[in-house]
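The following note sets out points for a colleague who is examining the model. The points are numbered, and each can be checked against the coordinates.

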Amino acid sequence: MTNEQLNSGNPKVDIEYRRKKNAEEMRYQIITFALMIFLTLVAFVAVGYEGFSASFAVPFILVLAFVQVAFQLYYFMHMSHKGHEAPALFLYSGVFVGFITVLAFMTVIWW
Amino acid sequence: MQAEEKFTNETWPASPEKQTLEAKNKFLGFWFFLGGETVLFASLFATYLALKDKVPNSEMSLAKDLFEMPLVFAMTMILLTSSLTSVYAMYHMKNFNFGKMQLWIAITVLLGLVFLGLEIYEFNHYVHEFGHTFTSSAFGSAFYTLVGFHGAHVAFGLMWFIALMIRNGKRGLNLYNAPKYYVASLYWHFIDVVWVFIFTVVYLMGMVG
Amino acid sequence: MSTLAQKKGFGATIWDYLTTVDHKKIAILYLIAGGFFFLVGGLEAMFIRVQLAVPNNDFVSAGLYNEILTMHGTTMIFLAAMPLVFAFMNAIMPLQIGARDVAFPFLNSLGFWLFFFGGVFLNLSWFLGGAPDAGWTSYASLSLASEGHGIDFYVLGLQISGAGTLIGGINFLVTIINMRAPGMTYMRMPMFTWATFVTSALILFAFPPLTIGLFLMLFDRMFGANFFDPTMGGNTIIWEHFFWIFGHPEVYILILPAFGIFSEIFAIFSRKRLFGYSSMVFATVLIGFLGFMVWAHHMFTTGMGPIANAIFAVATMAIAVPTGIKIFNWLFTMWGGSIQFTTPMMYAVAFIPSFTMGGVTGVMLASAAQDYQYHDSYFVVAHFHYVIVGGVVFALLAGTHLYWPKMFGTMLNEKMGKWTFWLFLIGFHLTFFIQHFLGLWGMPRRIFTFNEGQGLDAANAVSTVGAFFMAVSTIILLINIIMTSIKNEKVGSDPWGDGRTLEWAIPSPPPFYNFKQLPLVRGLDALWIEKMEGKKGMTPAEPLGDIHMPNNSIIPFVMSSGLFVAAFGAMYHADEGNTWGIPVLIIGLLITLGSMLVRSVKDDHGYHIHKEELVDDDDKGVKA
C-alpha cells in the first residue's frame, strides 16, 4: 500500500515535516472552531435581539447554519481533502433528497 | 499481516485511517451511511416542520412557550466543543500519540455525557412544567422524535467511543483500529452537524415564533 | 482447499450457511428465501383470483380477503422481488467486476438475516391473530383503525427487513467503487453492475424515509404518539408522503436490476455488443435521479392542488424518455445480431412489448386530470402488474435460467424452461390485459366481491383462468429445478457459449475465492475481447499469491434474531395487562447491541489461502 506522503528518504526529516503539516492543519481547525462559535453566537443574538423581525431572523439563522455545517464538513470531517469525491457525491445526493422532502412537507401537507 | 504490524513514529503512515483495503472500504461505506442518515434526519425535520405547534387545544404549550435560550446555548456550546476535542484526538492519532488521543476522546465522551444529561433535564422539564409529552399532541410526538433520535445517536456514539477506548486501551494504535477511531469521530461530527440544524430549526426558529 | 472438497454432513452444511460470509452462498440464501416467499405470495394471488372468479363468491370472507390482498402485495414486493434481485446482485456483480468478495462480507450476511427475520416475523402474523389488512401501502387512517396486531406485524417486520436492505445497498456501492479488478473502469462495467450501482444508491436514499414512516406508525400504534391523528393535531397525509417517497424509488430499485439482467441477455444471445452502452448508463442514472421527484403521482387525488399535480405529472412523463432510450437500445442490439432463442432470450424478447404496455398505461396515469378517472380502479392494478410482472418477474425468471449454471454448476432444462416461459407469458397477459378494461368499466381495486350482471363476470373469469396458467408454469419451473438438481450434470465456465463478461471466465460454480489471480480488464465485455483475439481466458493482472479471505461468523444471525425478539416485545407491550412486553423488548435490543459489541471488540483479521494450496487446486480441478 502506498504511503501518500512526500518522502525525503530520511525518516527524521519526514517526520518533522509531517508533524509540522499536522500542527498547521490543527491551527486551521481551531480557527474553524472559533468561526463556528462566532456564527452560533450571531445566530443566538439575532434571535434574542428584539429589533429583528422573524422574516429577517429565520432566513438569516438558516444561512448561518448552512455555513457552519459547511465548516464542520469540510474542515472537521476533512471533506476538503483529496479522496472525498464519492463521499461528497453521496452526501449531496442525500441533501438533495432531504431538501425536496422538507420542501414537500412545508408546501403540500396542509391545505 | 499488515493490519497487526507494530509501528513506530517513523513508520506510522500519514493517513492511518485508509491504509488497508478494509479501511478504505470502511471509510467509504461509512460516508455513504452518513448520506443515508442525512435523508433520515431530513425526514424527521420535515415531520417536525409539518407538525410544529399542531396541538389539539389552545391551552397546550407551543414552541415559543417552551424553549429557553440559556439551556439550548449551553447544550450547543458543549456539543460544538466536543466536536473540536474529537478533532484533537484525530490530530494525535496522525501523530501516533496514543495516550493523548485516548485522553481527548475521554474529554469528548465527558462532554457528550453532559450534553445528554442536559437533554434529559430539558425533556423532564417540559414534561413536568408544561405537560408537553410524547403523547399529548402531534407537536409533542414530532419534537421528541426528532430531538430524541438525535439524543439516541449521541448515546450510541458515546457507547462506541467507550468501547473503542476500553478495547484498545492496552495495545495502542495500529492500522486495524485507527480506521475505527476515525470513523467513530466522523460519526460524532455528523451528530454535531445534525445538532446545528436542530438548534437553528427547532429552538431558534421556535423562539422566533 | 482440501476441507472444501470433502462431503459435509447435513448439520455442518446448515451451520456453514448460517455463518457464511461468502457472497455466492448468501446469494443462494437470498434465492431460496425469496423463492419461498414468491411461492407464498403466489398462493395468496391464487386465493384472490379464485375469490374473484365468479360474482358473489364466498371462498374467503371480506376480512380475510383484505389480509390476503395486503400480504400478497407486501410479500411480493418486499420479500420476493427484493431478495431475488439481491440474489442476482450478490451472485453476479462481484464476479462481473472481478472481485474476490464484496466490500463487507460480514454486513452482507447481516443484511440477509435481517431481511429473513423480518420476513418471517411478518408472515407469523397469519398464525398469531391475523395478518395486516390495510393494503401494502397501509395508509395511516386505515391502518390506525385496524384492530388486532396485523399492522404491527407489518410495521415491525418491514422495519427489520428494511434495515437489512439498506445495509446491502451500502455494501454494493462500496464494492463497486473500491473492489473493481485492474482495468475495470466505470465505463467498462457491465450493464448489470451499473444497474446494481444505481439501484444501491436509490436504496441508500429511499429506505430512510420508509424507516421514518414506519417509526412514526410504530410510535402511533404502539407508544401513543399522534403523528397521524388529526384530533391531536396530526396529519394522516404524512404517512402517504413517506411511503411514496420510498415507494416510487422502490419500483425503480426493482426494475433497474431487471433492465440490467435483460441488457446482459440481449448482448449474449444476439452475439453483439450492447447497442448504445454509454446512453444506457446515462439512462439508468437519469431514471434513478428522476425517480425521486415523482412520488406524489401516487397521490394526485389527495388534493395537493393543481400546481403540485402539474409538476409531478410532468416529471413522471419525463421518465418515459430514458426508458424509451433503453427500449430502442435493446431493439438495436438485436438488430443484425445472430439471435439464439434460448429461454432467457425469450423472456427478454417478450419483456419488451409487455413492459412497454405497462409504460404506456403509466404515461396515461401520469396525466393528473386523467388519473382522477383511473384512480383506485383495476386499471391501476393492470398497470403495475404489467411493469412489475412484465418487467421484474420476467427478468427474475430469465435471470434464474441464465445464471443457474453460474450459481449451481448445472443447466436448467431448456425444454421445460420454454414451457414455463410460454405458459407464464400467456397466463400473464390473460390475467392482466383484461383488467385494464375491468378498471375502465368501473371495477374498483381491492374489492372482495362483485354483483352479477354488471358486465364484470366474464372478464373476471378470464383473469382467473390466466392466473392458473401462471401457477402451472411456476410448478413446471419447480419440477425443472428439482430434476436438474438431481441429475446435476456439471457444466464448464461458459455454458451458454457466448458469455461476454468476467463471470463467464471462471468455473461454474466459482471457487470460494472467485479469481485465483485477478483478471486484467482491457475493455467493455472483457471476456469477449479475449475470445475474439483467440485467447482461452483472461490475462491475469497479478502473480499468483496468497489470498486474504474473511472468517465465517454466526454474529449476524444472532444480531438479527435480537431484533426479532425485540419486535415481539414492542408489539405486545401495549396490550392490556401485558407485563412482559417491555422486558422482552429490552432483552431483544440487548442481544443486538451485545452482538454488535462482540463484533467490535473481537478482532477479526480473516485468514489467508496460501499460494501452494491454489496451485494444488489447479491440478485436481476446482470443486465446490
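1. Helices here are DSSP runs of H or I with at least four residues, and strands are runs of E with at least two, numbered from the N terminus. By that assignment, residues 103-121 of chain B are 100% helix and 0% strand, and the C-alpha atoms at the two ends of this span lie 27 Å apart. The model is a predicted one.

2. The span just described also appears in a database record. An unreviewed UniProt entry lists residues 28-51, 71-91, 103-121, 141-166 and 186-206 of chain B under "transmembrane region". For residues 141-166 of chain B, the end C-alpha atoms are 36 Å apart, and this span too is 100% helix and 0% strand.

3. Which helices of chain B supply at least two residues each to the side that touches chain A? They are α1 (21-51), α3 (69-94) and α6 (178-208). The contact as a whole involves 44 residues of chain B and 45 residues of chain A. On the chain B side, α1(B) gives the most, with 15 residues. Sorted by class, this side of chain B has 26 nonpolar, 15 polar and three charged residues.

4. Chain B also meets chain C: 32 residues of chain B are in contact with 33 residues of chain C. At least two residues each come from α1 and α5 (138-168) of chain B. Here again α1(B) gives the most, with 15 residues. The side of chain B that touches chain C comprises 18 nonpolar, ten polar and four charged residues.

5. Chain A has three helices and zero strands, and its elements run α-α-α from the N terminus on. Its radius of gyration is 20 Å, well over the 13 Å that the globule rule gives for 111 residues, so chain A is more spread out than a compact globule. Along the principal axes, the C-alpha atoms of chain A fill a box of roughly 70 × 35 × 10 Å. Of the 111 residues in chain A, 26% are buried. Among contacts in chain A with a separation of 6 or more, 43% join residues 24 or more positions apart.

6. Chain C is divided into domain 1 (2-486 + 500-537) and domain 2 (555-624). The C-alpha centres of these two domains of chain C lie 26 Å apart. Their contact takes 21 residues from domain 1 of chain C and 17 residues from domain 2 of chain C. On the domain 1 side, α1 (2-5), α5 (105-124) and α7 (150-178) of chain C each supply at least two residues. The most come from α5(C), with seven residues. The domain 1 side of this contact divides into 16 nonpolar, three polar and two charged residues.

7. Which residues have the most contacts inside the largest nonpolar core? In this core of 292 residues, they are C:L173, C:F262, C:I265, C:A398 and C:A567. The surroundings of one of them can be given in detail. Leaving aside neighbours within four places in sequence, C:A398 is in contact with C:I261, C:F262, C:I265, C:P344, C:Y347 and C:A348.

Terms used
Residues are numbered from 1 along each chain as its sequence is written. Chains are lettered from A and ligands numbered from 1 in the order in which they are written. This is a predicted model: local features need pLDDT of at least 70, side-chain atom pairs count only at pLDDT 80 or more; totals for chains, interfaces and linings use all residues. A nonpolar core is a set of buried Ala, Val, Leu, Ile, Met, Phe, Trp, Tyr and Cys residues joined through C-beta atoms within 7 Å. A residue is buried if 20 or more other C-beta atoms lie within 10 Å of its own, exposed if 12 or fewer, and partly exposed in between; C-beta atoms are placed from the backbone. Two residues are in contact if their C-beta atoms, placed from the backbone, lie within 7 Å. Ala, Val, Leu, Ile, Met, Phe, Trp, Tyr, Cys and Pro count as nonpolar, Asp, Glu, Lys and Arg as charged, and the others, Gly among them, as polar. Domain bounds come from an automatic or database domain assignment. UniProt positions are given in the numbering used here, feature names are shortened, and annotations may be inferred rather than shown by experiment. The radius of gyration is taken over C-alpha atoms; the globule rule is 2.2 Å times the number of residues to the power 0.38.
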